[in-house]
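Good morning, colleagues. I would like to take you through one model, beginning with a single residue and working outwards. Please look at the sequence and structure as they come up.

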Amino acid sequence: AKLRGFGACTRLWNGWDRSKADRPEYLLLSGKGIKNIHIWSFKPSRIEIGEESVWTCLYDTQTNGTSINQLYFRHNALGHLQGISKSDDQKLRVWDLSYEQKRIASDSDGSDRPKRPDYVDVASTEGTIGVCGPYAFASGSLGGMHNIINVVGLDADDVSSPFNCTELALPAGGTDHFVDRRKASRTGRQQRGDLKSIVNVTGLVFDASHALLQLS
């Protein structure tokens with residue numbers, strides 16, 4: 001049951017000098033549709049030497065909402081592993097998972113693992129549609145504004161600051177034309193056909209300079 005709502009997977013690396021004989025270990029992040037995140041350790045089987053696969057639930061902890069809809073793993077600018085959860089109408093919560101990196105690097109048994117990872121809630125992210133590299137993307141300040149994209153940096157010195165965000169106009173008709181807020185219908189309002197919002201965002205894990213946005 002604790003694997004319900006799978007969201008993300010990453011491999012724990014024991015440095016670049018790891019031996020080919022080392023058993024790989026993966027972290028899995030689940031909990032979509034419920035209020036708790038579950039972080040699992042998975043070590044695949046090695047039949048040739050008689051080792052079965054091993055599943056271990058490392059963390060089972062409540063988030064800041066009642067229904068999680070987004071889950072991610074990422075490394076920050078310092079290379080520290082983080083987990084990210086997003087619940088309905090709540091801010092992004094960033095979980096510090098650097099302990100797991102230290103554990104595998106030092107070959108620790110995890111007996112001193114904290115019961116709950118440290119975390120921080122990121123300001124201006126209630127309307128987040130997706131996370132790509134070091135940025136969270138949303139339509140407008142809280143997701144309710146059209147023709148505006150809100151970009152929030154996840155590697156800022158103070159992610160809880162309300163000033164850690166940038167609002168940009170979304171493109172209008174072509175790739176090099178942007179919305180002119182001065183243009184409106186005869187009633188003074190923008191026409192419905194001109195209203196756009198972000199519905200999805202994607203990108204490459206190791207490419208922080210590009211993101212692909214899907215607009216409604």
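**A buried glutamate and its surroundings**

E100 counts as buried, at 0% relative accessibility. Buried here means under 20% relative accessible area, exposed means over 50%, and partly exposed lies in between, computed with a 1.4 Å probe on protein chains only. Before I go on, please note that this is a predicted model, in which local features need pLDDT of at least 70 and side-chain atom pairs count only at pLDDT 80 or more, while totals for chains, interfaces and linings use all residues. Residues are numbered from 1 along each chain as its sequence is written, and side-chain values use heavy atoms, with hydrogens and water left out.

Where does E100 lie? E100 lies in helix α1. Helices (H or I, at least four residues) and strands (E, at least two) are DSSP runs, numbered from the N terminus. Which residues touch E100, leaving aside its neighbours within four places in sequence? They are L12, L27, L58, Y59 and R113, where contact means heavy atoms within 4.5 Å. With R113 there is also a polar contact, side chain to side chain, at 2.9 Å. A polar contact is a pair of N or O atoms within 3.5 Å; within protein, one must be able to donate a hydrogen and the other to accept it, and residues adjacent in sequence count only if both atoms are side-chain atoms. As a further point of reference, the C-alpha atoms of E100 and H80 are 9.8 Å apart in space, with their positions 20 residues apart in sequence.

Let me turn to the helix as a whole. The buried residues of α1 are S98, Y99, E100, R103 and I104. They pack against β1, β2, β4, β6 (81-87) and β7. Just after α1, D107 takes a positive phi of about 60°.

**Salt bridges**

Side chains of opposite charge can pair when their charged atoms come close. How many salt bridges does the structure hold? There are seven, a salt bridge being a side-chain nitrogen of Lys or Arg within 4 Å of a carboxyl oxygen of Asp or Glu. I shall describe three of them.

The side chains of E100 and R103 form one of these salt bridges, at 2.7 Å from N to O. The two residues are three apart in helix α1 (residues 98-106), and so about one helical turn separates them. R103, at 9% relative accessibility, counts as buried. Salt bridges with shared partners join E25, E100, R103 and R113 into one network.

Another salt bridge links the side chains of D121 and R93, at 2.7 Å from N to O. D121 lies in strand β8 (residues 119-122) and R93 in strand β7 (residues 92-96), so this pair ties together parts that are 28 residues apart in sequence. R93 is buried, with a relative accessible area of 6%, whereas D121 is partly exposed at 24%.

The third one I have chosen joins the side chains of E51 and R23, at 3.5 Å from N to O. E51 sits in the loop between β3 (36-43) and β4 (54-62), and R23 in the loop between β1 (6-12) and β2 (25-30); the pair therefore ties together parts 28 residues apart in sequence. Both count as partly exposed, E51 at 25% and R23 at 22%.

**Two sheets**

Strands β1-β2-β3-β4, in that order, form an open sheet with antiparallel pairing. Two strands pair if DSSP finds at least two bridges between them. β1 and β4 stand at the edges with a single partner strand each, so one side of each is left without a neighbour in the sheet. Neighbouring strands of this sheet are turned by 20° against each other on average, direction ignored; axes are lines fitted to C-alpha atoms, for helices over the stretch in contact, and angles run from 0 to 180 degrees between N-to-C directions. Five bridges join β2 to β3, and Y26 stands opposite F42 in β3.

Another open sheet has four strands in the order β9-β10-β11-β12, with antiparallel pairing. Its edges are β9 (128-132) and β12 (166-169), each with a single partner strand, so one side of each has no neighbour in the sheet. Here the average turn between neighbouring strands is 25°, direction ignored. Four bridges join β9 to strand β10 (residues 135-139), and the bridge partner of G130 in β10 is F137.
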